[in-house]
There are 2 protein chains.
Amino acid sequence: MDGMTQDISPKDPRPYHHGDLHRAIVEAALDVLSESQSTEFSLRELARRAGVSHNAPYKHFADKRELLAAVSAVGFELLAKRMAEATKELDSPRERLAAMARAYVCGGVNNPALYRLMFGGYLGGQDDGRPAIERTAAYNMKALIVDAISDGALGRPIADVEANTRMFDGAILVFWSQMHGLTLLLADRLVGPSDKMEQLTEAVLQGMLDGLANCIPAIPSGVWVGPPLAE
Amino acid sequence: MDGMTQDISPKDPRPYHHGDLHRAIVEAALDVLSESQSTEFSLRELARRAGVSHNAPYKHFADKRELLAAVSAVGFELLAKRMAEATKELDSPRERLAAMARAYVCGGVNNPALYRLMFGGYLGGQDDGRPAIERTAAYNMKALIVDAISDGALGRPIADVEANTRMFDGAILVFWSQMHGLTLLLADRLVGPSDKMEQLTEAVLQGMLDGLANCIPAIPSGVWVGPPLAE
DNA sequence: TGCTAGAGTAGACAATGTCAACATACGCTC
DNA sequence: GAGCGTATGTTGACATTGTCTACTCTAGCA
């Protein structure tokens, strides 16, 4: 249970009995996923790569699903980090939104399988929630968007107060679904070529931001936008 | 090879030796996929459901991938049919676009696993193209959109001539990626609840169409929007 | 009537996810 | 430092799966 709360970053190395298997397995999974672009690798192959017996991973993950959840969580961390870095030194709130969009699309296109794992509904039925890190990363990303919007990314500043919640959610819904869709169409090669990714993102983005500046759609109450809350 | 070109519609029944196994298997796969919401069913279970030996499906599909491709193709046919029916008796081009969007989102939300199979990049690497029916259905859908836009769905009629190709592609890219993203966010429960699907679609759609009426983004040349051509 | 090719069956094999039983070594308590 | 519990890793087993090869049957054609 606590294995889920540890970071993948190389700080705080704590070599175990035969090394840090939890991290080794997750990293091997990330490697194989990125290489093969498929989640249909075997736990046994990860074990082989890590140089342990085929059952050792089961001391760290209840089943394959849980391992994939950990990989997904790493993906969210990476994405959140990249988005945060992309916006770090930008003053213009609109530029910050654009930079986030670029980072989002780029991340997805560069590793479609990871992106699909993260967002593709393989995990996260109503039975088992997503890992905590994952939700944290998602909330961080959402906060970045909210900041940019409240700073005036849509033409005028919008106070980040509860009365504006539905307006924020409407804007985020449009922004997110547009970028999500573009990312997946590019990643799955339904539009392309992907080396035009940046120009396409830019074109779609600017039109959308202008549209949002003009009119933010009113979304109904009782809607959630973001990782599902405990329900 | 010719097995791929047959329709799933119940016309032209041709009982074989032990029935029409090809169709029976595809229908069983569609059932299991819809019920379990997963592509990780076994060919053997389909064979069991169809009452044949575990190897009989291999007389009709080279491997599981090919079976899934056939299921995906059926999904495209169904979606294209639903979109065509939704727009059939609508005069307003803008209403036709909206109806298509509703049909698209609704189809995805009601059967996420099928939608993911169709669009999720599991099939269609550069090695093996998608089946012909699938591409036909996709082109039909695209034609519907082009018709609506040229009829004035974005405020003014736009001639469907080659000089306007990039404008059409830009508009379709925005429209499609927005709806694609919304569909997947809803299907994967990243926004919700899905019983508010129609209102959310409506809200996002109207804003987007207004935005497009105002300004259609210029997309770079050399971009394809739609199922990848033979490359 | 008899043959041939398509359609279905039977059996086999390696690989996989996962379970249970066993082994080992780290780190705590005394 | 000795002893021990528990986390960690190993071995073996089992049912299931995708897929191969070899077989049987039957429909339709000569």
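1. A polar contact is a pair of N or O atoms within 3.5 Å; within protein, one atom must be able to donate a hydrogen and the other to accept it, and residues adjacent in sequence count only if both atoms are side-chain atoms. Here is one case: an N or O atom in the side chain of Lys59(A) is 2.9 Å from a base oxygen of DNA strand D.

2. Some ground rules. This is a predicted model, in which local features need pLDDT of at least 70 and side-chain atom pairs count only at pLDDT 80 or more, while totals for chains, interfaces and linings use all residues. Residues are numbered from 1 along each chain as its sequence is written, chains are lettered from A and ligands numbered from 1 in the order in which they are written, and side-chain values use heavy atoms, with hydrogens and water left out.

3. Start with the two protein chains. Chain A gives 39 residues to the contact and chain B gives 39 residues; contact means heavy atoms within 4.5 Å. Together the chains bury about 3600 Å², and 65% of that is on carbon and sulfur atoms. Buried area is the accessible area (1.4 Å probe) that two parts lose on being put together, summed over both. In chain A, the residues that lose the most area to chain B are Arg189(A), Leu190(A) and Trp224(A), together 16% of what that side buries.

4. How many salt bridges are there between chain A and chain B? The count is zero. A salt bridge here is a side-chain nitrogen of Lys or Arg within 4 Å of a carboxyl oxygen of Asp or Glu. Polar contacts do occur: ten residue pairs across the interface, both residues at pLDDT 80 or more.

5. Which elements of chain A give two or more residues to the side that touches chain B? They are helices H5 (112-119), H7 (165-187) and H8 (197-214), with strands E1 (191-192) and E2 (224-225). Helices (H or I, at least four residues) and strands (E, at least two) are DSSP runs, numbered from the N terminus. H7(A) gives the largest share, ten residues. By class, this side of chain A has 23 nonpolar, eleven polar and five charged residues. Ala, Val, Leu, Ile, Met, Phe, Trp, Tyr, Cys and Pro count as nonpolar, Asp, Glu, Lys and Arg as charged, and the others, Gly among them, as polar.

6. Strands also pair across the chains. E2(A) and strand E1 (residues 191-192) of chain B run antiparallel, joined by two bridges; pairing requires that DSSP finds at least two bridges. Trp224(A) has Gly192(B) as its bridge partner.

7. Now DNA strand C. Around this strand are 23 residues, and Arg44(A), Arg48(A), Asn55(A), Ser53(B) and Asn55(B) come nearest. Near means that a heavy atom of the residue lies within 4 Å. Chain B reaches the bases: a polar side-chain atom of Asn55(B) lies 2.5 Å from a base nitrogen, and one of His54(B) lies 3.1 Å from a base oxygen. Helix H2 (residues 43-50) of chain A gives the largest share of the surface near strand C, three residues.

8. DNA strand D comes last. It has 24 residues around it, of which Ser53(A), Asn55(A), His60(A), Arg44(B) and Asn55(B) come nearest. A polar backbone atom of Ser53(A) is 2.6 Å from a phosphate oxygen of this strand. The side chain of His54(B) has an N or O atom 3.4 Å from a base oxygen of strand D. Here the largest share of the nearby surface, three residues, comes from helix H2 (residues 43-50) of chain B.
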